[in-house]
Amino acid sequence: MGRRHLLVALIASLLMTYPAAAQRQRGMRERPPEPTGAAPAAESQPTTQESNERPGRDNLSVTEGQVTVHGQPLRYKATAGTLALKDEAGKPLADMFFVAYQKQPASSDPSSRPITFVFNGGPGAAAVWLHLGVAGPRRIALNDVGGPPAPPYHLVDNDDTWLTATDLVFIDPVGTGFSRAAAGQKPEQFYGVEEDIRSVGQFIRLYTTRYQRWLSPKFLAGESYGTTRASALSQYLLDNGISLNGIILISCVLNFQTISVGNGNDLPYVLYLPTYTALAWYHKKLPADLQADLTKALNESEGWALNGYMAALALGSQLPQADRETAVKKLARLTGLSENYVDRANLRVDPSE
């Protein structure tokens, strides 16, 4: 089983015990949002306030919690649940799930505290990866090489949580995580580039209004396809009255030709080469002169990728034999792979290999 599949299983098992996400199960209760400057509860462990669920309305759960970040306590309010997107006539379109964290005590001045809307990519991925893997106040405990340990799985306080610098809203686009089209609505209306942008943009505008964050500095953070979404969202939000202060692009992909290897597209092989060189350096597979100086190794790799490797691939079967042999030696030197392997791969080292 691959690492990503193991992480999926690990995350799934943790969701049932994680307070903020678990509230979304059928037993979750709703609580109206509090004013931005509301006083925090005194508990250091998560506590839940509940009232009767009201079908057709926003379905929310609010908890208080505390983590330790680099030895210092960090208190927060977590809001988990769904906001109902509606059309102009008030008819429900979708229930969009989110988990939001607000550092406590909250400032009475929203303009003094940034807010960042966070989503993963796919398309088809919920925000759980960035939530429990990167930015949230708690994260999955992983081993020294970033893989899942043996069960039982557990969460630990996240010393690198972004909550120290900004409030956070993790968004599941419709069809991912717990976000779903409303009863009687076709999910397909949310499953396109523009459709996805529109629904996520509507959620951000609704959240910003509902929680009185119009004066807050606003940021987007997207991963993989989420970088594509974030780029397009910036224009959509601007057209709808929301100006952003910045965008964070993680595992950036704005041109899919740069990552999709295949017949007729050699560009990814060229762009991946410096990364292959860095990996070979890390594993001590480069020749001695390159192994001694990472900067030198990367400069040589980047230079040859654009000025030699790209031309060799473009010539294809017309590449002279002598030039091909030179390219084989150079590619082997910069990747730590054997010349025999590089030759059999026809100078094209696929990332899946």
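Let me start with a pairing in the middle of the chain: strand 4, residues 92-104, and strand 8 run antiparallel and are joined by four bridges. Please keep in mind throughout that this is a predicted model. Within that pairing, the bridge partner of Tyr 101 is Leu 168 in strand 8. Strand 8 also pairs with strand 5, residues 115-119, this time in the parallel sense and again over four bridges, and there Ile 115 has Asp 167 of strand 8 as its bridge partner.

How much of strand 8 is buried? Strand 8, which spans residues 167-171, has five of its five residues buried. As a reminder, side chains in a regular strand alternate between the two faces of the sheet. In strand 8 both faces are covered, with Asp 167, Val 169 and Ile 171 buried on one side, and Leu 168 and Phe 170 buried on the other.

Two of these residues take us to the largest nonpolar core, which has 26 residues, and in which Phe 98, Val 169, Ile 171, Phe 203, Ile 204 and Tyr 207 touch the most other members. At least two residues of this core come from each of strand 3 (72-86), strand 4, strand 5, strand 8, helix 4 (193-210) and helix 5 (225-239). If you would like one residue to follow on the screen, take Val 169: once its neighbours within four places in sequence are left aside, its contacts are Phe 98, Val 99, Ala 100, Ile 115, Thr 116, Phe 117, Val 118, Phe 203 and Tyr 207. Apart from this core lies another, of 23 residues, among them Leu 290, Ala 297, Trp 304 and Leu 319.

Now to the aromatic residues, where the structure holds 11 pairs. In one of them, Tyr 101 and Phe 170 have ring centres 6.2 Å apart and planes at 80°, and the pair is therefore edge-to-face. It links distant parts of the chain, since Tyr 101 belongs to strand 4 and Phe 170 to strand 8, 69 residues apart. Tyr 101 counts as buried because its relative accessibility is 2%, and Phe 170 is likewise buried, with a relative accessible area of 2%. By contrast, the rings of Trp 304 and Tyr 309 have centres 5.1 Å apart and planes at 10°, so that pair is stacked; both of these residues are buried. There is also an aromatic cluster made up of Phe 98, Phe 117, Phe 203, Tyr 207 and Tyr 211.

Finally, I would like to turn to helix 9, residues 321-335, whose 15 residues reach 21 Å from the first C-alpha to the last, close to the 21 Å expected at 1.5 Å a residue. Which of its residues are buried? They are Arg 324, Ala 327, Val 328, Leu 331, Ala 332, Leu 334 and Thr 335, and because they cover an arc of only 165° around the axis, they sit on the same side of helix 9. That fits the general rule that an α-helix has 3.6 residues a turn, so residues three or four places apart point the same way. The face turned away from the buried side of helix 9 carries the exposed residues Ala 322 and Thr 326. The cover over the buried residues of helix 9 includes helix 6 (267-282), helix 7 (288-291), helix 8 (294-315) and helix 10 (339-344). After helix 9 comes Gly 336, which has a positive phi, near 80°.

Key
Residues numbered from 1 in each chain as written. Predicted model: local features only at pLDDT ≥ 70, side-chain atom pairs only at ≥ 80, totals over all residues. Heavy atoms only, no water. Buried < 20%, exposed > 50% of the residue type's maximum accessible area, 1.4 Å probe, protein only. Pairing = 2+ DSSP bridges. Core = buried A, V, L, I, M, F, W, Y, C linked by side-chain atoms within 4.5 Å. Contact = heavy atoms within 4.5 Å. Phe/Tyr/Trp six-rings, centres within 6.5 Å; stacked < 30°, edge-to-face > 60°. Expected span 1.5 Å × (residues − 1). Arc of directions from axis to C-beta.
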